[in-house]
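Grab a pencil and let's work through a few exercises on how the parts of a protein meet. Try each task yourself before you read the solution.

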Amino acid sequence: MTDRLTFDAIVVGAGPAGVAAALTMAHGGLNVIIIERGRFAGAKNLFGGVFYTHALADVLPDYWERKPPFERPVTEQGYWMLSPDSAIRVMHKSERYLKEPADAYTVLRARFDPWFAEQAVAAGALLITRTTVTRLLKDERGRVIGVDTDRPDGCVYAPVVIIAEGVNNLLTQQAGLIASDLPPKYVALAVKEYINLPAKELQTRFGLSGPREGVAIDVFGDVTLGLPGTGFIYTDQSGISIGVGMLLDEFVTHRLRPYEVLERFKNHPVVRPYLEGGEVREYGAHLIPEMGYDRMPKLASDGVMVAGDAAGMVDALHREGTNLAITAGKMAGETALAAHQAGDFSAAFLSRYRRSLEASFVLKDMKQYRRMTDFLESSPQFMGTYVNLLNEAALRYFTAHGIPKRTMEHDILKMVRERRSFTGVAWDMLKLMRAMRG
Amino acid sequence: MHAVVAIKQVPDTSNVRIDPETGTLIREGVPAIVNPYDIHAVEAAVQLKERLGGGQVTVITMGPPKAAEALLECVEQGADRAILISDRKFGGADTLATSYVLAHTIEAINAELPVDIIFFGKQAIDGDTAQVGPGVATRLNIPLITYAVAIEEFDLAARRAVVHRRVEQGIEVLETTLPVLLTVEKEIAPVRHAPLPRLIAAARYQPETWTATSPVLFDPQQIGLKGSPTVVGKAYTPPPRSGGDVLSVADLGLDAVVARAMAVIGQAHVRDLQPVTGVVS
């Protein structure tokens with residue numbers, strides 16, 4: 001055992017959480033190894049979505065000079081509420097989105113992650129790909145002292161391991177940080193396509209003046225057949241990321257096939273014209289942990305910490321996750337640096353990690369929206385009844401039939417009463433406010 | 001024992017598409033891999049080294065800077081030294097120019113440490129010519145064994161080896177002097193899962209880069225486009241074949257089916273065919 005492979009820290013997974021942790025530790029002078037099971041960082045990823053830059057700027061202040069492979073800045077964003085044949089579209093556009101670097105960019109993670117990992121390698125971290133960590137190595141007292149991999153002679157040792165393994169959190173379970181697999185009630189399945197369109201055509205369709213403008217749309221209502229969940233449409237450089245995410249439970253209960261839900265969305269009369277003539281280049285599905293604050297794993301134990309999707313760090317309501325992961329990775333990295341200085345890798349010392357997260361937006365937001373998943377599941381009228389009502393009301397409001405306006409207003413109110421009583425509406429609003437306030 | 005393995009980085013052809021308008025390969029977004037036969041060649045060299053209890057495996061490739069990735073994969077598999085021969089002046093090389101560059105490189109390597117055996121994959125999956133290995137053997141004036149599937153004996157002291165070679169009828173067993181050049185089939189050695197310490201070594205390894213002028217000088221007349229007499233006239237995607245006719249014996253009867261088949265064959269100008277009527281079980 002004289003020449004066993006030893007590092008100052010091991011990071012499992014080269015996603016945003018893992019790379020942020022590795023970068024932070026490498027900047028702090030630690031000898032870090034990142035072990036990634038994909039062929040390259042980002043290979044196992046599907047994400048095409050909105051990336052918020054604030055967290056990246058904290059980890060890599062000069063990120064802009066390093067030319068990150070962003071798709072388009074988000075200069076217009078908002079919501080589409082679909083009924084079966086109509087849509088209410090609430091979009092926000094502002095000149096203030098036009099600064100550079102912008103607050104948010106659309107990103108294809110299969111392009112972004114390799115770049116991000118390269119920055120960690122440039123900082124001195126060692127990136128090993130095509131290698132799966134199969135188990136945690138523990139000493140006789142149960143402290144984590146390294147990992148084993150699917151490679152021959154595959155054991156690596158370090159006083160601290162940061163698990164950033166993603167949604168399939170097998171190691172997190174092995175570390176004893178979480179009891180069991182996530183129930184399907186708290187896991188969303190997102191299906192997504194990347195549809196290629198020439199940049200010029202894309203810009204015309206979405207009303208963009210050039211490559212430095214982009215749109216991010218979250219879609220509710222008929223996109224998920226009125227069930228809890230969202231659809232999304234994001235403009236990339238020369239293509240569209242379009243997808244639907246719903247809780248696994250809903251797919252099972254309602255016997256829905258994910259790709260059929262997506263096909264339906266793509267063929268919605270309001271959506272279809274944006275996609276016409278585009279070539280589907282990629283199709284895939286990925287799980288998103290929506291366990292919420294109350295079901296998050298313990299974040300640290302002796303010699304080990306967990307960050308990102310593995311720890312359920314997702315704010316589904318605001319389609320955030322990557323920024324939570326980067327911030328958490330950075331804080332785990334900082335905690336590992338402090339632990340090295342103190343020579344203390346105990347659970348007690350590493351609990352600083354959780355305290356940092358509690359002081360940050362990561363756990364504050366997760367705490368505030370802790371009831372959101374349950375709320376939406378128990379109040380399907382928000383995605384179904386209300387969205388359809390709004391569309392019906394809009395149709396009445398915007399069309400002239402030679403009917404007095406007073407009669408029209410009565411009709412609309414009657415419609416509301418029939419589909420959901422006024423007390424029901426009042427009750428729903430109250431519940432929504434509670435869920436939002438946390 | 002000193003083995004040299006020449007490899008090539010190729011587009012993963014399971015992903016390759018042809019631009020229907022220009023007839024050229026769409027390389028954008030297509031992952032690059034080590035030519036599948038070549039990685040077996042590396043493995044064969046490494047296993048030979050292990051069998052002999054020591055030696056050196058040197059891997060070489062000619063290609064763009066990106067081809068260094070392919071070399072690192074070979075280092076992971078156990079190669080000791082990797083040389084990237086890369087220079088814009090090499091660009092546009094056909095098999096003649098490529099075989100010149102590789103042969104000249106191997107001569108230079110041989111001058112540093114004598115080479116006992118040279119491995120090539122039997123062919124590259126992007127060009128499918130199977131010309132470069134034999135070309136190099138010819139230029140070096142050493143024995144060539146193509147489609148090698150096993151090295152039965154390898155005797156450094158006696159300077160001889162016994163190699164199995166796949167031919168259509170079966171296996172040829174050939175005895176050769178050393179040094180020898182083999183182009184190999186995949187059976188020569190199964191690719192093993194590289195151990196983690198090798199991956200770490202490769203992640204820290206920096207391949208050497210040889211240019212057209214340093215550390216050895218290549219003849220500018222024999223490299224790149226200048227040294228490549230091959231001209232590609234046209235590349236195109238052949239039209240997809242239409243499906244064949246299905247004649248049902250049950251519906252038409254055997255004689256009618258045979259008659260129809262013979263008529264079609266006759267139209268295709270196939271001569272001297274006699275129908276053999278009999279029962280097909």
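Below are three exercises, each with a worked solution.

A word on the ground rules: this is a predicted model, where local features need pLDDT of at least 70, side-chain atom pairs count only at pLDDT 80 or more, and totals for chains, interfaces and linings use all residues. Residues are numbered from 1 along each chain as its sequence is written, chains are lettered from A and ligands numbered from 1 in the order in which they are written, and side-chain values use heavy atoms, with hydrogens and water left out.

**Exercise 1.** Find the domains of chain A, and say how far apart the centres of domain 1 and domain 2 are.

Step 1: Look up the bounds, which come from an automatic or database domain assignment. Domain 1 of chain A is made of 5-70 + 102-179 + 295-370, domain 2 covers 184-289, and domain 3 covers 373-437.

Step 2: Take the centres over C-alpha atoms; those of domain 1 and domain 2 of chain A lie 28 Å apart.

**Exercise 2.** Describe the interface of domain 1 and domain 2 of chain A.

Step 1: Count contacts (heavy atoms within 4.5 Å). Here 16 residues of domain 1 of chain A touch 19 residues of domain 2 of chain A.

Step 2: Get the buried area, meaning the accessible area (1.4 Å probe) that two parts lose on being put together, summed over both. For these two domains of chain A that's about 1,500 Å², with 61% from carbon and sulfur atoms.

Step 3: Hunt for salt bridges (a side-chain nitrogen of Lys or Arg within 4 Å of a carboxyl oxygen of Asp or Glu). The rule finds one across this interface of domain 1 and domain 2 of chain A.

**Exercise 3.** Now do the interface of chain A and chain B: how many residues are in contact, and how many salt bridges are there?

Step 1: On the chain A side 21 residues are in contact, and on the chain B side 14.

Step 2: Together, chain A and chain B bury about 1,300 Å², 60% of it on carbon and sulfur atoms.

Step 3: The salt bridge count between chain A and chain B is two. R39(A) pairs up with E73(B) in a salt bridge, and their closest N and O atoms are 3.4 Å apart.

Step 4: Sort the chain A side that touches chain B by strand (a DSSP run of E, at least two residues, numbered from the N terminus). β9(A) gives the most, with three residues.

Definitions and conventions. Helices (H or I, at least four residues) and strands (E, at least two) are DSSP runs, numbered from the N terminus.
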